[in-house]
Amino acid sequence: MSIFRRIFDGIHASREGSSAIKMFIKIREGFILNKVMSLHDAVAKYVENGDTLAIGGFTTNRKPYATVSEILRQGQKDFIVYAGPGGGEVDMLIGEGRVAAYINCYTANSGYTNVSRRFRAAIEQGKLTYEDYSCLLYTSPSPRDRSVS
């Protein structure tokens, strides 16, 4: 008998112990509900007005276009957006006026335009609060952080 099985059997038999042990028993016995949900339901449940969004990917690669489209459909707004480097998905949010502040190191819709059109227009018209960092600074630890060698 494996050590894992002996530990589990001992915990299961006693039904006593910490909440972590009780959670382990519930998981092992299948009492935890399936957390898989539709994109519509996930956005409705977890994305609220004024949230901070951190968007991954690189310009047009591996970007969450479906999620951004669902956010636009549902109407959430006033986001603080971190994206480095941003692409068309951020451009969509900015173009619809859903971004209160934008922090990144580069924004382009590569393969289509050098600089994302809605982003550029918002900057030129002074409609977007924006912080621009070099790619190295954006991904590097703060020089004041002494814990990093």
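Q: At what angle do α4 and α5 pack, and how far apart are their axes?
A: In this predicted model, α4 and α5 pack at about 10°, and their axes are 9 Å apart. Axes are lines fitted to C-alpha atoms, for helices over the stretch in contact, and angles run from 0 to 180 degrees between N-to-C directions. Helices (H or I, at least four residues) and strands (E, at least two) are DSSP runs, numbered from the N terminus.

Q: What makes α4 roughly parallel to α5?
A: The angle of about 10° falls under 35 degrees, the limit for roughly parallel (over 145 is roughly antiparallel, 65 to 115 roughly perpendicular, the rest oblique). Therefore α4 is roughly parallel to α5.

Q: Which residues make the contact of α4 with α5?
A: From α4 come Tyr65, Val68, Ser69, Ile71 and Leu72, and from α5 Gly88, Glu89, Met92 and Leu93; contact means heavy atoms within 4.5 Å. By class this gives six nonpolar, two polar and one charged residues, where Ala, Val, Leu, Ile, Met, Phe, Trp, Tyr, Cys and Pro count as nonpolar, Asp, Glu, Lys and Arg as charged, and the others, Gly among them, as polar.

Q: Why are α5 and α6 called oblique to each other?
A: The axes of α5 (residues 88-95) and α6 (residues 117-124) cross at roughly 45° and come within 7 Å. That angle lies in none of the other ranges, so the pair is oblique. The crossing of α5 past α6 is left-handed (near helix turned anticlockwise from the far one by less than a right angle; clockwise is right-handed). Asp91, Ile94 and Gly95 of α5 meet Arg117, Arg118, Phe119 and Ala122 of α6, a set of three nonpolar, one polar and three charged residues.

Q: Why are α3 and α4 called oblique to each other?
A: Helix α3 (residues 39-46) crosses α4 at roughly 60°, with the axes coming within 10 Å. This angle too falls outside the named ranges, so α3 and α4 are oblique. Here α3 passes α4 in a right-handed crossing. Leu39, His40, Val43 and Ala44 of α3 touch Ala66, Thr67, Glu70, Ile71 and Gln74 of α4; five of these residues are nonpolar, three polar and one charged.

Q: What makes β1 and β4 the edge strands?
A: The open sheet has the order β1-β2-β3-β4 with parallel pairing, and both β1 (52-55) and β4 (129-132) pair on one side only. From one strand to the next the twist averages 15°.

Q: How do you know that β2 and β3 pair?
A: Pairing requires that DSSP finds at least two bridges, and five bridges join β2 (residues 79-83) to β3 (residues 99-104). Tyr82 stands opposite Ile103 in β3.

Q: Which helix has the lowest mean pLDDT, and which the highest?
A: Among the elements, α1 (residues 3-14) is lowest at 54 and α4 (residues 65-74) highest at 96; pLDDT is the predictor's confidence in each residue, from 0 to 100. Residues 145-149 are below 50, with one contact beyond near neighbours in sequence. The protein averages 78, and 66% of the residues score at least 70.

Q: What rules apply to the numbering and the values?
A: Residues are numbered from 1 along each chain as its sequence is written, and side-chain values use heavy atoms, leaving out hydrogens and water. Local features need pLDDT of at least 70 and side-chain atom pairs 80 or more, while totals for chains, interfaces and linings use all residues.
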